[in-house]
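The following exercises concern a single protein model. Please work through each task before reading its solution.

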Amino acid sequence: MPKTLLLTSFQTWMPHQRSNASDDLLLEIGQQNPSPSWHVLRQLPVDFELAPQKAIAHVTQLQPDVVVCCGMAESRSRLSVESRAITESEILHSTLDLQRLTAELNYTEISDDAGRFVCNALYYAMLKHLRSHQPQSHGLFVHVPILTDENRGAIVADFRVILQRLTA
C-alpha cells in the first residue's frame with residue numbers, strides 16, 4: 001500500500017511576485033497524474049502563526065506518512081532539500097535519509113539553511129508536531145527556485161523522483 005503524502009505550498013508575499021514557485025511546482029505535479037495517495041494543501045499564508053496552524057490542522061486530520069512543505073527561494077537555482085529547522089534554542093532535523101533521497105538527482109541539493117523566515121518557522125513547527133504527535137511520520141522542507149523555461153522540466157522531474165522515493 002502506498003504511503004500517504006501531504007504537500008504544501010505558499011502564497012506570494014512580495015508585490016513583484018506573480019506566483020510562488022512552490023505553488024507553481026505543485027501545480028505542475030498535479031497535472032502529471034499524481035498518485036491518489038498524494039494530497040495537496042496549496043497557498044498557505046506567508047504568516048509565522050497561520051501557516052503552521054493551517055498545515056498542522058491538515059496533518060492532524062489526514063495523518064499522512066510523510067509531509068513535504070515547499071517554499072520559494074528566489075536566490076537559489078536548484079531544489080534545496082532542507083536537513084533541519086532552527087530556533088534560538090533548538091535544532092530539529094528531518095528523520096529522512098536525505099542522501100538516499102537526493103542520490104543521482106542533478107537539480108537537487110541538500111541544504112542546512114531553511115532560512116529565518118516563514119519557511120523555517122513552518123518546518124520547525126511541523127517537525128516538532130510530528131515528533132510529539134505522529135512519531136511514525138516524516139517531515140521535509142523543499143525550497144524551490146523560480147521556475148523558468150530552462151529549468152522547469154529538470155526541477156519537476158527531480159521533485160517527482162523525490163516524491164516517488166518518499167512513498168515507495
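**Exercise 1.** Determine whether Arg 76 is buried, partly exposed or exposed, and identify the residue with which Arg 76 forms a salt bridge.

*Solution.* The model is a predicted one.
Step 1. The relative accessibility of Arg 76 is 22%. Buried requires a value under 20% and exposed a value over 50%, so Arg 76 counts as partly exposed.
Step 2. The salt-bridge partner of Arg 76 is Glu 82, and the closest N and O atoms of the two are 2.7 Å apart.
Step 3. For Glu 82 the relative accessible area is 0%, so this residue is buried. The bridge therefore pairs a partly exposed Arg 76 with a buried Glu 82.
Step 4. As background, side chains of opposite charge can pair when their charged atoms come close.

**Exercise 2.** Trace the salt bridges of Glu 90 and state which residues they join into one network.

*Solution.*
Step 1. A salt bridge links the side chains of Glu 90 and Lys 128, with an N to O distance of 3.4 Å. Glu 90 belongs to the loop between E5 and strand E6 (91–93), whereas Lys 128 belongs to helix H4 (residues 118–133), so this pair ties together parts that are 38 residues apart in sequence.
Step 2. The side chain of Glu 90 also meets that of Arg 131 in a salt bridge, at 3.8 Å from N to O. Because Arg 131 lies in helix H4 and Glu 90 in the loop between E5 and E6, the parts tied together here are 41 residues apart in sequence.
Step 3. Through shared partners, the salt bridges join Glu 90, Lys 128 and Arg 131 into one network.
Step 4. Accessibility completes the description: Glu 90 is partly exposed at 25%, and Lys 128 is partly exposed at 39%.
Step 5. For context, a search of the whole structure finds six salt bridges.

**Exercise 3.** Describe the surroundings of Ala 85, beginning with the element in which Ala 85 lies.

*Solution.*
Step 1. Ala 85 is part of strand E5, which covers residues 84–86.
Step 2. The relative accessibility of Ala 85 is 0%, so this residue counts as buried.
Step 3. When residues up to four places away in sequence are not counted, Ala 85 touches Glu 90, Ile 91, Leu 92, Asn 120, Tyr 123, Tyr 124 and Leu 127. Glu 90, the member shared by both bridges of Exercise 2, is thus among the residues touched by Ala 85, given that contact means heavy atoms within 4.5 Å.
Step 4. From C-alpha to C-alpha, Ala 85 and Tyr 124 are 4.9 Å apart in space, although 39 residues separate them in sequence.

**Exercise 4.** Establish whether His 129 of helix H4 is buried or exposed, and list the residues that His 129 touches.

*Solution.*
Step 1. His 129 has a relative accessible area of 10% and is therefore buried.
Step 2. Not counting residues up to four places away in sequence, His 129 touches Ile 56, Val 59, Thr 60 and Gln 134.

**Exercise 5.** Compare the span of helix H5 with the expected value and name the buried residues of this helix.

*Solution.*
Step 1. Helix H5 has 16 residues (152–167).
Step 2. The distance from the first C-alpha of H5 to the last is 23 Å, close to the 22 Å expected at 1.5 Å a residue.
Step 3. The buried residues of H5 are Ile 155, Val 156, Asp 158, Phe 159, Arg 160, Ile 162, Leu 163, Leu 166 and Thr 167.

**Exercise 6.** Identify the residues of the nonpolar surface patch that contains Trp 13.

*Solution.*
Step 1. Trp 13 lies in the loop between strand E1 (5–10) and helix H1 (21–30), and its relative accessible area of 31% makes Trp 13 partly exposed.
Step 2. The patch consists of Trp 13, Met 14, Phe 48 and Phe 117, which together have about 370 Å² of accessible area.

**Exercise 7.** Characterise the fold and overall dimensions of the protein.

*Solution.*
Step 1. The protein has five helices and eight strands, in the sequence order β-α-β-α-β-β-β-β-α-β-α-β-α.
Step 2. The radius of gyration is 14 Å, close to the 15 Å given by the globule rule for 168 residues, so the protein is as compact as a globular protein of that length.
Step 3. The C-alpha trace spans about 40 × 40 × 25 Å along its principal axes.
Step 4. Of the 168 residues, 50% count as buried.

Technical notes: Residues are numbered from 1 along each chain as its sequence is written. This is a predicted model: local features need pLDDT of at least 70, side-chain atom pairs count only at pLDDT 80 or more; totals for chains, interfaces and linings use all residues. Side-chain values use heavy atoms; hydrogens and water are left out. Helices (H or I, at least four residues) and strands (E, at least two) are DSSP runs, numbered from the N terminus. Buried means under 20% relative accessible area, exposed over 50%, partly exposed in between (1.4 Å probe, protein chains only). Patches are made of residues with over 30% relative accessible area and no salt bridge: like charges are joined within 9 Å, nonpolar side chains (Val, Leu, Ile, Met, Phe, Trp, Tyr) within 5 Å. Accessible areas come from the Shrake-Rupley method with a 1.4 Å probe; for residues, only the protein chains shown count as cover. A salt bridge is a side-chain nitrogen of Lys or Arg within 4 Å of a carboxyl oxygen of Asp or Glu. The radius of gyration is taken over C-alpha atoms; the globule rule is 2.2 Å times the number of residues to the power 0.38. The expected span of a helix is 1.5 Å times one less than its number of residues.
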